Amino acid sequence: MIFESLPTTPRSDELIDKAFSRAARAGRAKQNKLEAQQSMLQTASNILSDNLENVVVEWPDFELVDPFYYELADAIVDVDEVRKSLSEIMWASRQIDNLAREYQPKLRKTDADLARKHRKQAFARMASVVEEVEDDLLRIGEARDALKGLPDIRPDEPAIVVAGYPNVGKSSFVNDVTRASNEIARYPFTTKGVQIGHFDRDRIRYQIIDTPGLLDRPEDERNDIERQAVSALEHLADAVIFVADASEECGYPIESQLELRDAVKARFEERNIPVLTVCNKSDRSTDMEADLYMSVETGENVDAVLAAAADAVGFDPDIPPSRNE
């Protein structure tokens, strides 16, 4: 996942202390006092500039990030603000380089006392530059902490999103078709874990995703962040299975369930993403119109639903035939 390897972002005071303490050690290692000042300047500027630049280059280029992860990140941390802070930090890195180049000639062909005065002046100006981006470093550190734990969902693999009210059998379905090979992951904006499973069909690996807290209630009950997370799912999903419970044992009347289904269809079909209506608990009631009927509890038609969803995805990679074909 693109955010999980982001390194810890240093605070401005940590970075200044690190640079100047190492510079002091470098200076003590020199016998010549003039060379000591030059070594201190070079060491401090390298550490400050390199560490600031590394903060920026370790982040992915948001212009190239898959739309799913872009919108997901934007829902959590505000991508525009992150990009502004990264730009400011890169500016600070370049300013440190410029200061080093400005003061290096002043530390040559002069006496040690004047060189020490110039070096201290350079250190003060470098510290001011780093302190100027203190808030930006904090923002990037907080963004890194918020994003590094996002679930590892792969936009390059076909994905089937499961929707529907709570207790209609979504999680049981995902568990069944993935044979419990799924995982529970956490989004920062959901109170429950997002369930991610995988299954193989015709030598293609599919992701199947249940998103409690997002697609299990009407749009007007979601907050702004949750709405944007649903928008991110629109970029990810290749098909949607909407699970309903005609028996109403889930606690929601069928009319409400179908209203949610219609809202999900309207939203996803804008991107030409097919939505299959599946009536679960068919051993108890089939009193609704649906594309397919199944009972996860008895196993009836579960594989047929999975096959229909895979067909709806329509993923046709160029895979060479196996030796047995």
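This report describes selected helices, loops and buried residues of a predicted model.

## Helices α4 and α5

Helix α4 covers residues 79-103 and helix α5 covers residues 112-132. Two packed helices are described by the angle between their axes and the distance between the axes. For α4 and α5, the axes approach within 9 Å and cross at roughly 170°. An angle over 145 degrees counts as roughly antiparallel, and α4 and α5 are therefore roughly antiparallel to each other.

On the α4 side, the contact is made by Trp 91, Ala 92, Gln 95, Ile 96, Leu 99, Ala 100, Glu 102 and Tyr 103. Their counterparts in α5 are His 118, Gln 121, Ala 122, Arg 125, Met 126, Val 129, Val 130 and Glu 132. Sorted by class, the residues of this contact are ten nonpolar, three polar and three charged. An α-helix has 3.6 residues a turn, so residues three or four places apart point the same way.

Two buried valines belong to this part of the chain. Val 79 lies in helix α4 and counts as buried because its relative accessibility is 0%. Beyond its neighbours within four places in sequence, Val 79 touches Phe 62, Tyr 70, Ala 73 and Asp 74. The C-alpha atoms of Val 79 and Phe 62 are 8.0 Å apart, with the two positions 17 residues apart in sequence numbering.

Val 133 is found in the loop between α5 and α6 (134-147), and its relative accessibility of 0% likewise makes this residue buried. With neighbours within four places in sequence set aside, Val 133 is in contact with Glu 88, Ile 89, Trp 91 and Ala 92. Trp 91 and Ala 92 are also among the α4 residues that meet α5. By contrast, Val 133 and Lys 265, 132 residues apart in sequence, are 46 Å apart from C-alpha to C-alpha.

## Helix α8 and the annotated region

A UniProt annotation from an unreviewed entry, "domain: Nucleolar GTP-binding protein 1 Rossman-fold", covers residues 224-283. Across residues 224-283 the chain is 48% helix and 22% strand, and the C-alpha atoms at the two ends are 38 Å apart.

Helix α8 comprises residues 224-236. At 1.5 Å a residue, its 13 residues should span 18 Å, and the end C-alpha atoms are 19 Å apart, which agrees. The buried residues of α8 are Glu 226, Ala 229, Val 230, Ser 231, Ala 232, Leu 233, Glu 234 and Leu 236. These buried residues pack against two helices, α3 (67-77) and α9 (254-269), and against two strands, β1 (159-163) and β4 (204-210).

## Ile 208 and Met 288

Strand β4 contains Ile 208, a residue that counts as buried at 0% relative accessibility. Apart from neighbours within four places in sequence, its contacts are Ile 160, Val 162, Phe 173, Val 174, Val 177, Thr 178, Gln 195, Ile 196, Gly 197, His 198, Phe 199 and Leu 306. Ile 208 and His 198 are ten residues apart in sequence, and their C-alpha atoms are 5.9 Å apart.

Met 288 occupies the loop between β6 (275-280) and β7. Its relative accessible area is 8%, so Met 288 is buried. Excluding neighbours within four places in sequence, Met 288 is in contact with Ala 244, Ala 246, Ile 254, Leu 258, Thr 277, Cys 279 and Tyr 293. The C-alpha atom of Met 288 is 66 Å from that of Leu 48, a residue 240 places away along the chain.

## Positive phi angles in loops

Two residues other than glycine have positive phi values: Asp 202, near 50°, and Asn 301, about 65°. Asp 202 is placed in the loop between β3 (194-201) and β4, whereas Asn 301 is in the loop between β7 (292-293) and α10 (302-313). Asp 202 counts as exposed because its relative accessibility is 68%; Asn 301, with a relative accessible area of 38%, is partly exposed.

## Relative accessibility of individual residues

| Residue | Relative accessible area | Class |
|---|---|---|
| Val 79 | 0% | buried |
| Val 133 | 0% | buried |
| Asp 202 | 68% | exposed |
| Ile 208 | 0% | buried |
| Met 288 | 8% | buried |
| Asn 301 | 38% | partly exposed |

Methods: Residues are numbered from 1 along each chain as its sequence is written. This is a predicted model: local features need pLDDT of at least 70, side-chain atom pairs count only at pLDDT 80 or more; totals for chains, interfaces and linings use all residues. Side-chain values use heavy atoms; hydrogens and water are left out. Helices (H or I, at least four residues) and strands (E, at least two) are DSSP runs, numbered from the N terminus. The expected span of a helix is 1.5 Å times one less than its number of residues. Buried means under 20% relative accessible area, exposed over 50%, partly exposed in between (1.4 Å probe, protein chains only). Contact means heavy atoms within 4.5 Å. UniProt positions are given in the numbering used here, feature names are shortened, and annotations may be inferred rather than shown by experiment. Axes are lines fitted to C-alpha atoms, for helices over the stretch in contact, and angles run from 0 to 180 degrees between N-to-C directions. Angles under 35 degrees count as roughly parallel, over 145 as roughly antiparallel, 65 to 115 as roughly perpendicular and the rest as oblique. Ala, Val, Leu, Ile, Met, Phe, Trp, Tyr, Cys and Pro count as nonpolar, Asp, Glu, Lys and Arg as charged, and the others, Gly among them, as polar.
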